[in-house]
Amino acid sequence: MTTSEHSPSPLWQKQHTSHNSTIDLSFTCIGGTAPTWIAGPCTIESQEQIMLSAKTLKSLGATLLRGGAFKPRTSPYTFQGHGEKALVWMQEAASRHSLNTISEVMSAEDIPLLSHYVDVLQVGARNMQNTHLLKALGKQHKPVLLKRGPCATYHEWLMAADYILHGGNTQVCLCERGIRTFESATRNTLDLAGVAYLKTITHLPILVDPSHGTGLRQLIAPMTHAALAAGADGTMIEVHPQPEQSVSDAEQAIHFSDYASIIDHYKKTICT
Ligand code: PEP
Ligand code: MN
C-alpha cells in the first residue's frame, strides 16, 4: 500500500494513536470492548414502523437505530425516502427507547439538517469519494460512518477517511458493505479479509454491513458471525417488521426473530 504521494503519514495509520479510536455515544461506544449492534429498516417508511422497530430492537440488544430518510436509490423511479419527516419520527422513536441513531447524508448542504436529528452521519458507498462532502464532514463534530465504495481499494477507502480526519473530526468509523466483483449470485462480495487486514494497520473502528454485502437474508446470520470473528467492531443490519413488504431492499431484510437469534447465538458463543 503506498501512501507517500498524499502524505508522509496519513492520519488513519495506527502510529497516530497509542490505542484504537473509539466513538462514544450516549448509549453505545463504537470500537469499545463489546460489538456495536446497529439495526433498523433500510428506509423509514412510517412513524409506526420506526417506533415498533426501536422498541423491539432495543429489547433485543441493539444500541444504534438505523433508517434511511434520504435514499440513494439506483433508479430515480423508486422511493427516495420521506426526508425530514422521517428523521423526526426516528428521533422520537430513539429517544423514547434510549437508542442512538444513524442516517445517511448525501450532500454537504444537508449536514445541518441531518445533524439536528441524528447522532451519527452515514456516508453511503456511492459517496465514498465525494470529497466535497468528506471535507465538509471534517469541519463539523458529529461522528461519521464511512462506507466502502463498491469498487474502492483499501487505500482509497482509508484516504477518504483522511479527508474527514484532516479537517479536524476524529470521530470516524469505517463500514465494509461489500464490493463489486465478477460474482453475481450475491448482491456484492463481502470482503471480510479486508476487515482483518485493516485492523492491523488502522486505529479506526471497522463495522460490517452484511445486508448490502450479500443482499440475501439467509446469509445475514453466518456473515454477521464471520464478521465479528474477523475482528469487526460491530455490524449494521437491515431489520424490518415485515421484511417481505419492505419498500426497499426486501430480499436482504430480516425479521425481528432472526435478529434475536443472531444476538443470542453471539452471546452464547462468547460466553462459553
Ligand atoms: C444504506 O445503508 O442504506 C445504503 C444505501 O447502503 P450502501 O451505501 O452501502 O449501499
Ligand atoms: Mn438498504
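Q: What counts as a helix or a strand here, and how many of each does the chain have?

A: Helices and strands are DSSP runs, a helix needing at least four residues and a strand at least two, numbered from the N terminus. In this predicted model, the chain has 9 helices and 10 strands.

Q: How compact is the chain?

A: A handy yardstick is the globule rule, 2.2 Å times the number of residues to the power 0.38. For 272 residues the rule gives 19 Å, and the radius of gyration of the chain is 17 Å, close to that value, so the chain is as compact as a globular protein of that length. Taken along the principal axes, the box that the C-alpha atoms fill is roughly 50 × 45 × 40 Å.

Q: How should I read burial, and what share of the residues is buried?

A: The cut-off to keep in mind is that buried means under 20% relative accessible area, while exposed means over 50% and partly exposed lies in between. By that reading, 55% of the 272 residues count as buried. As for the surface, the chain exposes about 11,600 Å², and carbon and sulfur atoms supply 55% of that area.

Q: What share of the contacts joins residues at least 24 apart in sequence?

A: Contact here means heavy atoms within 4.5 Å. Among contacts between residues at least 6 apart in sequence, 68% join residues at least 24 apart.

Q: And the charges: how far apart are the mean positions of the positive and negative ones?

A: There are 21 positive and 23 negative charges in the chain, and their mean positions are 2 Å apart.

Q: Let's turn to the metal. Which residues are the protein donors of the manganese ion (ligand 2)?

A: A donor is an N, O or S atom within 2.8 Å of the metal. The manganese ion (ligand 2) has Cys42 (SG), His212 (NE2), Glu238 (OE) and Asp249 (OD) as protein donors, at 2.0 to 2.4 Å. Their spacing along the sequence reads C-x169-H-x25-E-x10-D. Take His212 and Asp249, a pair that links distant parts of the chain: His212 sits in helix α7 (residues 210-214), Asp249 belongs to the loop between β10 (234-238) and α9 (256-271), and 37 residues separate them.

Q: Is Asp249 buried or exposed, and what is its phi?

A: Asp249 has 16% relative accessibility, so Asp249 counts as buried. His212 is buried too. The phi of Asp249 is near 50°, a positive value in a residue other than glycine.

Q: Where does Ser98 lie, and what is its phi?

A: Ser98 lies in the loop between α2 (84-96) and β5 (100-104), and its phi, near 55°, is also positive in a residue other than glycine. With a relative accessible area of 27%, Ser98 is partly exposed.

Q: What else can I look at in the loop that holds Asp249?

A: Try Glu244, found in the loop between β10 and α9. At 48% relative accessibility, Glu244 counts as partly exposed. Not counting residues up to four places away in sequence, Glu244 touches Arg217, Ala250 and His255. From Glu244 to His255 the C-alpha separation is 9.2 Å, with the two 11 residues apart along the chain.

Q: Which residues does Tyr259 contact, and where does it lie?

A: Tyr259 lies in helix α9 and counts as buried, at 0% relative accessibility. Beyond its neighbours within four places in sequence, its contacts include Trp37, Ile38, Ala39, Leu57, Ile237 and Val239. The C-alpha atoms of Tyr259 and Ile237 are 8.6 Å apart, for a separation of 22 residues along the chain.

Q: Is Thr36 buried or exposed, and what does it contact?

A: Thr36 is found in strand β3 (residues 36-40) and counts as buried at 0% relative accessibility. Leaving aside neighbours within four places, its contacts include Thr28, Ile30, Thr63, Leu207, Asp233 and Thr235.

Q: Which loop holds Pro41, and what does Pro41 touch?

A: Pro41 lies in the loop between β3 and α1 (47-60). Its relative accessible area is 0%, so Pro41 is buried. Leaving out residues up to four places away in sequence, Pro41 touches residues including Gln49, Ser53, Arg66, Val239 and His240. For a longer view, Pro41 and Arg180 are 139 residues apart in sequence and 23 Å apart in space, C-alpha to C-alpha.

Methods. Residues numbered from 1 in each chain as written. Chains lettered and ligands numbered in written order. Predicted model: local features only at pLDDT ≥ 70, side-chain atom pairs only at ≥ 80, totals over all residues. Heavy atoms only, no water. Donors = N, O, S within 2.8 Å, 3.2 Å for Na, K, Ca; no water. Buried < 20%, exposed > 50% of the residue type's maximum accessible area, 1.4 Å probe, protein only. Areas by Shrake-Rupley, 256 points an atom, 1.4 Å probe, with all protein chains shown as cover. Lys, Arg positive; Asp, Glu negative; His and termini not counted. Charge placed at Lys NZ, Arg CZ, Asp CG, Glu CD.
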